[in-house]
Amino acid sequence: MDQSEEMFKLVREWRKSGVNQSECCKPHDITVAELDYWAGKEKLAARRTVKEAGGFVQISGQLATSSDSYQVVYLTGVKSNYKGMTWQQSTR
């Protein structure tokens with residue numbers, strides 16, 4: 001795995017973790033500025049991937065039941081929260 005792949009993986013793990021940037025950086029011996037840099041590069045790479053796919057990205061999973069909930073976060077920052085067959089949209 002090259003450096004960009006490793007850093008993109010770290011950025012995605014950090015975003016999912018819910019910890020602040022400095023907590024994420026300490027065990028990996030990087031600065032917050034480095035994490036910010038790679039987070040920006042990862043976001044640009046994700047946008048290029050979406051653009052190359054014609055603006056659509058395939059998602060998959062199991063069918064939702066009435067008690068399941070999930071969230072879709074668009075590149076614009078808009079979040080759509082789904083619970084069963086209903087949804088609620090919010091901005092950042």
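Is Glu42 buried or exposed? Glu42 counts as buried, because its relative accessibility is just 11%. Keep that residue in mind, since Arg12, Arg15 and Glu42 are linked in a network of salt bridges. One caveat up front: this is a predicted model, with a mean pLDDT of 80 over the chain.

**Overall layout**

- The chain has 3 helices and 3 strands, and reading from the N terminus they come in the order α-α-α-β-β-β.
- There are 92 residues, and 21% of them count as buried.
- The accessible surface adds up to about 7,500 Å², with carbon and sulfur atoms taking 53% of that.
- If you look at contacts with a separation of 6 or more, 27% of them come from residues 24 or more positions apart.

**How far to trust it**

- A pLDDT of 70 or more is reached by 73% of the residues.
- Helix 2 is where confidence is highest, at a mean of 94, while strand 3 (residues 86-90) is where confidence is lowest, at 51.
- Where pLDDT is low, the predicted coordinates shouldn't be read in detail.

**Salt bridges around Glu42**

- Searching the whole structure turns up 2 salt bridges.
- One of them pairs Glu42 with Arg12, and the closest N and O atoms there are 3.9 Å apart.
- That pair links distant parts of the chain: Arg12 belongs to helix 1 (residues 3-17) and Glu42 to helix 3 (residues 32-52), 30 residues apart.
- Glu42 also meets Arg15 in a salt bridge, with an N to O distance of 2.4 Å.
- Because Arg15 lies in helix 1 and Glu42 in helix 3, this pair ties together parts that are 27 residues apart in sequence.
- On the arginine side, Arg12 is partly exposed at a relative accessible area of 40%, and Arg15 counts as partly exposed at 41% relative accessibility.
- Glu42, by contrast, is on the buried side of the cut-off, because buried means under 20% relative accessible area and Glu42 has 11%.

**The nonpolar core**

- As a general background point, nonpolar side chains tend to be buried together in soluble globular proteins.
- Here the largest nonpolar core has 12 residues, among them Met7, Phe8, Trp14, Cys24, Ile30, Trp38 and Ala45.
- Helix 1, helix 2 (21-28) and helix 3 are the elements giving two or more residues to this core.
- Helix 1 gives the most, with 5 residues.
- Ile30 is one of the core residues, and it touches Met7, Leu10, Cys25 and Leu35 once residues up to four places away in sequence are left out.

**Helix 2, side by side**

- Gln21, Cys24 and Cys25 are buried in helix 2.
- They sit on the same side of the helix, because they cover an arc of only 95° around its axis.
- That fits the usual geometry: an α-helix has 3.6 residues a turn, so residues three or four places apart point the same way.
- Turned away from the buried side of helix 2 is a face that carries the exposed residues Lys26 and Pro27.
- His28 also has its place in helix 2, and it counts as partly exposed at 42% relative accessibility.
- The C-alpha atoms of His28 and Leu10 are 9.0 Å apart in space, with the two positions 18 residues apart in sequence numbering.

**A positive phi after helix 2**

- Asp29 follows helix 2 and has a positive phi, near 55°.
- Most residues other than glycine have a negative phi, and Asp29 is a residue other than glycine with a positive value.
- Asp29 is found in the loop between helix 2 and helix 3, and it is exposed, with a relative accessible area of 71%.

**One more stop on helix 3**

- Lys43 is found in helix 3, and it counts as partly exposed at 31% relative accessibility.
- Its C-alpha atom is separated by 9.6 Å from that of Val11, which is 32 residues away along the chain.

Key. Residues are numbered from 1 along each chain as its sequence is written. Side-chain values use heavy atoms; hydrogens and water are left out. A salt bridge is a side-chain nitrogen of Lys or Arg within 4 Å of a carboxyl oxygen of Asp or Glu. Helices (H or I, at least four residues) and strands (E, at least two) are DSSP runs, numbered from the N terminus. Buried means under 20% relative accessible area, exposed over 50%, partly exposed in between (1.4 Å probe, protein chains only). A nonpolar core is a set of buried Ala, Val, Leu, Ile, Met, Phe, Trp, Tyr and Cys residues joined through side-chain atoms within 4.5 Å. Contact means heavy atoms within 4.5 Å. Accessible areas come from the Shrake-Rupley method with a 1.4 Å probe; for residues, only the protein chains shown count as cover. pLDDT is the predictor's confidence in each residue, from 0 to 100. The arc is that of the directions from the helix axis to the C-beta atoms.
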